[in-house]
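Here's a quick look at one chain, from its overall build down to a patch on its surface. Have the model open as you read.

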Amino acid sequence: MAKLKRQLGLFNLTLIGIGIILGAGIYALIGVAAGGAGNATWLAFLISAVIALLTGLSYAELSTMFKGDAGEYDYTSKAINKKFGLVVGLSVIAASIITASVVALGFAGYFITLIPLPYLLTAVLVILLMTIINFVGIKESSWFNALSTFVEIIGLIIIIVLGFKYIGSVNYLEMPLGFTGVFSSAALVFFAYLGFESIVKLREETKDPEKNIPRAIIISVAVTSVLYVLVAISSVSIIGWDQLAQSSAPLSLVAQTALGGITGPILAVIALFSTSNTILFSSITSSRQIYGMAKQKSLPKFLSKVHGKTRTPWIAILITMFVAIIFLFVGEIDLVANITNLFLFLTFAAVNLSLIILRYKAPKMKRAFRCPCNIGKLAVIPLLGLITSLVMMGFILWGFF
């Protein structure tokens with residue numbers, strides 16, 4: 001039976017992490033976040049960054065303890081039991097697939113400012129295109145990611161630089177809905193940090209995964225956190241939170257307001273690279289999770305089939321595509337993002353809990369990386385990650401009701 005091929009080093013893996021994270025929320029959700037957090041949108045991103053780093057460190061340690069691509073399923077099955085692991089594994093798959101749908105809607109929002117195609121048709125077409133790249137191979141996907149990541153970083157740096165002369169033009173602690181609005185926006189924009197957990201799904205395609213996966217997780221979260229906070233500060237400085245909240249292509253509006261002319265369309269093109277990159281790697285990681293669980297017989301065995309020529313899990317890839325297209329028809333980007341986040345905070349709570357349990361249950365398991373800040377066997381960082389994940393779940397549920 002054909003197997004996946006190890007082709008990713010630390011540089012490729014870190015670029016993948018940065019590329020997935022950057023593409024998701026800052027282009028698609030910063031406007032929605034501004035509606036809740038006001039000029040303190042930067043603070044919402046900062047709060048989410050802290051939560052992401054706490055859970056990212058848990059993933060970093062767990063990734064060195066397990067060898068498969070099933071990620072969270074492996075961790076929770078070992079720590080608790082296989083039934084709970086199955087629930088968590090399915091939650092991860094659902095969240096990754098819905099992520100592709102959310103970001104496809106964000107892609108469509110930017111695309112239709114350039115070419116007036118139907119909104120949903122545009123979202124469907126970009127999912128189909130990214131599915132083809134996923135099927136062709138991980139090396140080709142990595143090349144597309146590298147190109148997209150450099151393009152999207154350039155776009156964010158443009159926004160940051162444009163904001164320099166506007167710094168101080170607004171009150172950065174203006175919160176129209178108070179701290180409740182900031183925390184609700186933080187729960188929403190946590191979606192913008194999705195990607196760091198996806199790195200563990202590429203273990204079977206990574207060279208020296210025990211060293212490279214923890215490093216890639218930490219570097220990608222740190223780099224994107226700095227960029228997000230600076231972009232949020234620049235954006236509200238240039239146009240204010242109220243205009244930001246009303247736009248379907250918010251960063252294009254920011255650039256056009258600052259420079260005029262063709263700057264807005266240029267940022268729209270950059271956003272297309274960014275969002276399509278996230279769609280691609282959401283598809284990749286969800287299909288690898290399905291593949292990893294099927295290989296362990298937690299899902300039907302036929303889902304683990306690898307194409308002989310492309311060396312990719314083709315059946316899992318097709319299923320990921322069809323489900324992502326179905327979720328497009330929910331239509332409301334903030335609703336779909338919050339559904340995704342609910343799945344993910346549940347997953348992250350389970351992952352943090354699993355590491356806490358495994359410190360007691362399997363203290364002798366080999367760990368090439370170990371979370372800092374421990375009191376005896378008690379892992380403090382995963383405990384904080386567990387608590388903050390549950391708190392963020394509460395804010396999302398509060399928003400629903």
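## Overall build and a nonpolar patch

Of the chain's 401 residues, 61% count as buried, with buried meaning under 20% relative accessible area, exposed over 50% and partly exposed in between (1.4 Å probe, protein chains only). Bear in mind that this is a predicted model: local features need pLDDT of at least 70, side-chain atom pairs count only at pLDDT 80 or more, and totals for chains, interfaces and linings use all residues. Residues are numbered from 1 along each chain as its sequence is written, and side-chain values use heavy atoms, leaving out hydrogens and water.

The secondary structure comes to 14 helices and two strands (DSSP runs numbered from the N terminus: H or I of at least four residues for helices, E of at least two for strands). The radius of gyration is close to what the globule rule gives for 401 residues, so the chain is as compact as a globular protein of that length. That radius is taken over C-alpha atoms, and the rule is 2.2 Å times the number of residues to the power 0.38.

| Quantity | Value |
|---|---|
| Radius of gyration | 20 Å |
| Globule rule | 21 Å |
| C-alpha box along the principal axes | roughly 55 × 50 × 40 Å |

On the surface, Leu114, Ile115, Leu117, Leu121, Leu125, Leu128 and Val269 make a nonpolar patch of about 520 Å². Patch members have over 30% relative accessible area and no salt bridge (Lys or Arg side-chain nitrogen within 4 Å of an Asp or Glu carboxyl oxygen), with nonpolar side chains (Val, Leu, Ile, Met, Phe, Trp, Tyr) joined within 5 Å and like charges within 9 Å. Areas come from the Shrake-Rupley method with a 1.4 Å probe; for residues, only the protein chains shown count as cover. Helix 6 (residues 119–136) gives the largest share, three residues. Leu125 lies in helix 6 and, at 42% relative accessibility, counts as partly exposed.
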